[in-house]
Amino acid sequence: MRQTSLPLENLQAWSRFNNVRLFDVAVEAHIIADNGDDHGGGLLSKAEHTEAQPLVAVPIELVLSKERVEEAAKVDKSLKELIEAVPTLVQNDRTAVLLFLVYQMTINSPDNNDHALGVNNPFADYVKFLPKDIPLPISYTADERELLIGTSLAEALDQKLISLQREFDSLKAATETIPWCEQAWWDEITGSLDFADWKLADAVYRSRALELPRGASVGMVPVVDMANHASDDRYNARFEVDEDTGSVLLVVRDGKSVKKGDEVTIMYGCGGACEMIFSYGFLEEHARSAREMFLGLSIPADDPLRKAKIWVAQAAPGVRIYVDDADQVRWDSTFVWWACINQEDGLEFRVERTVDGDTELKALWRDSELDPNTLQAKLLEDYLRDVFVLRGTVMVQQRVEEQGMRLAASEDEYDNALPNTQIRPFVYETVGRLRKLEMDLLTRTYEALEEQKNRLLESPVVREYLGQNRSGTEVRDSPEDFS
Ligand SMILES: C[S@@+](CC[C@H](N)C(=O)[O-])C[C@H]1O[C@@H](n2cnc3c(N)ncnc32)[C@H](O)[C@@H]1O
């Protein structure tokens, strides 16, 4: 769908009309950082501000959230029709706003011939200020995606694209019979909504939505969403909700001041390098570590309890490796604990009938009912604790090694990928840094796990356990093969 844009220079005027207050702060259409990085638009301070002083104040009614979309639908017949047709998309904070964004984009688009669509509201113009080309991985070209092979972002991106496609298909299926949707979106001649528009709406939301404090809501806050990111001790502003005035405030961060000419920055979150690129499309220049990675895991197909474990555990199938505040590498996964125990250890499943006649699958640990959320704690206080930790460590280490091999194996393809008109230089550079940071983290993790493994192999419990097993019928590749 063709989009309509308004220049960011006009955002200040929009702010005045909509009671957004800027306290000696200007919206700048283009900010180039000292190192040459292009931050897109941003906020610049026009005067000195001290700790806790307000920089921007936005009335809470301007926060574009699920609640606001539901409010808007009360006075907009077409929007009401739309959200009633897709109840599952409206229940979710993100997809509710995505629906509103594509609706508003449609109204604004020169492709739209239905001039009766929509009612006047501040968001009609706000949407025109939003960027139309956001370099998030969901819009990478096929060649750019190839560069990601071996990184944790490749897997996350595949999953994300599948779920976005599913959402888009369900939107189409549910709205095909609504006359205005048929005409403006799906008709072969007059319709213009396609998957790229849904991806754009998602990129807009993902890169701009804020989780407001005190459970206020999750949504896009006009003007505050112009604040770019700076890391850790560099960012100079934070946002808060002022319940007295009913507004979202951007204020100077504690212990900081903002001088005239400074860029006003916030911190987008403390996720790892993968998360940063996934959600915001860039990796800050000061990133020295991947910080965290999520690696997918599966339970071997020959595990007889596989299906029951997956059903009962309801855990993300993978492991998160991360660097903690003390710069130690750690891993965290509920799934691993389920994957590394079996019937001989005392895990069983039983189908039980509930009072209303349904059946329910229950897990048992050593003959007692097991609350799935307590498995890790149970294993860590068990007399075989070291055995279980050793199994988990080995499983994670094997997965880390496999990921490292995958990354290393695709290195030549990455190196040879340029020059290529299908690969944008900043994407090439960003992915190259991600590849290096993830390889460093994988190497560190592998080494740390090797140390842990060797320590655990010295544990009396493990030695005794392995001794007993060796006198039995141990085979290679059993859970006790720690080679
Ligand atoms: C919340 S918006 C900030 C406003 C945005 N620059 C604009 O022009 O609309 C987040 C987006 O700004 C850009 N951005 C923010 N901080 C950045 C930084 N430190 N380096 C590079 N790009 C940045 C990224 O494209 C990110 O997805």
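Student: In this predicted model, how many residues of each class make up the shell around the ligand?

Tutor: Happy to start there. The ligand has 16 residues around it, and helix H10 (195-208) and strand E8 (228-229) each supply at least two of that shell. Sorted by class, the shell has four nonpolar, eight polar and four charged residues.

Student: Which residues come nearest to the ligand?

Tutor: Let's go from elements to residues. H10 and E8 each give at least two residues to the shell. Of the 16 residues around the ligand, the nearest are Gly 40, Gly 41, Ser 207, Asn 228 and His 229.

Student: H10 also packs against H5. Which word describes how H5 lies to H10?

Tutor: Good one to reason through. The two helices pack at an angle of about 120°, with axes 9 Å apart. An angle from 65 to 115 degrees would count as roughly perpendicular, and one over 145 as roughly antiparallel. The angle of H5 to H10 fits neither class, so the word is oblique.

Student: Which residues of H10 does H5 meet, and how do the residues of that contact divide by class?

Tutor: From H5 come Arg 94, Val 97, Leu 98, Leu 101, Val 102 and Met 105, and they meet Asp 197, Trp 198, Ala 201, Asp 202, Val 204 and Tyr 205 in H10. The crossing of the pair is right-handed. The contact of H5 with H10 divides into nine nonpolar, no polar and three charged residues.

Student: What is the handedness of the crossing of H2 and H5?

Tutor: Let's set the pair up before naming the hand. Helix H2 (residues 66-74) packs on helix H5 (residues 93-108) at an angle of about 45°, and their axes are 8 Å apart. H2 and H5 are therefore oblique to each other. Their crossing is left-handed.

Student: And which residues make the contact of H2 with H5?

Tutor: By class, this contact has six nonpolar, no polar and two charged residues. H5 gives Asp 93, Ala 96, Val 97, Leu 99 and Phe 100. From H2 come Lys 66, Val 69 and Ala 72.

Student: Turning to H8 and H11, are they parallel or oblique to each other?

Tutor: Helix H11 spans residues 273-280, and H8 packs on H11 at about 40° with the axes 9 Å apart. Angles under 35 degrees count as roughly parallel, and this one is not in that range, so the pair is oblique.

Student: Which residues of H11 does H8 meet?

Tutor: H8 passes H11 in a right-handed crossing. By class, their contact has five nonpolar, one polar and no charged residues. Ser 152, Leu 153 and Ala 156 are the H8 side, and the H11 residues they meet are Cys 274, Ile 277 and Phe 278.

Student: Last one: which elements give two or more residues to the side of domain 2 that touches domain 3?

Tutor: Domain 2 covers 64-204 and domain 3 covers 292-470, with their C-alpha centres 36 Å apart. Their contact takes 14 residues from domain 2 and 20 residues from domain 3. By class, the domain 2 side has six nonpolar, four polar and four charged residues. The elements you asked for are helix H7 (142-146) and helix H8 (152-175).

Terms used: Residues are numbered from 1 along each chain as its sequence is written. This is a predicted model: local features need pLDDT of at least 70, side-chain atom pairs count only at pLDDT 80 or more; totals for chains, interfaces and linings use all residues. Domain bounds come from an automatic or database domain assignment. Two residues are in contact if their C-beta atoms, placed from the backbone, lie within 7 Å. Helices (H or I, at least four residues) and strands (E, at least two) are DSSP runs, numbered from the N terminus. Ala, Val, Leu, Ile, Met, Phe, Trp, Tyr, Cys and Pro count as nonpolar, Asp, Glu, Lys and Arg as charged, and the others, Gly among them, as polar. A residue is near a molecule or strand if its C-beta atom, placed from the backbone, lies within 6 Å of it. Axes are lines fitted to C-alpha atoms, for helices over the stretch in contact, and angles run from 0 to 180 degrees between N-to-C directions. A crossing is left-handed if the near helix is turned anticlockwise from the far one by less than a right angle, and right-handed if clockwise.
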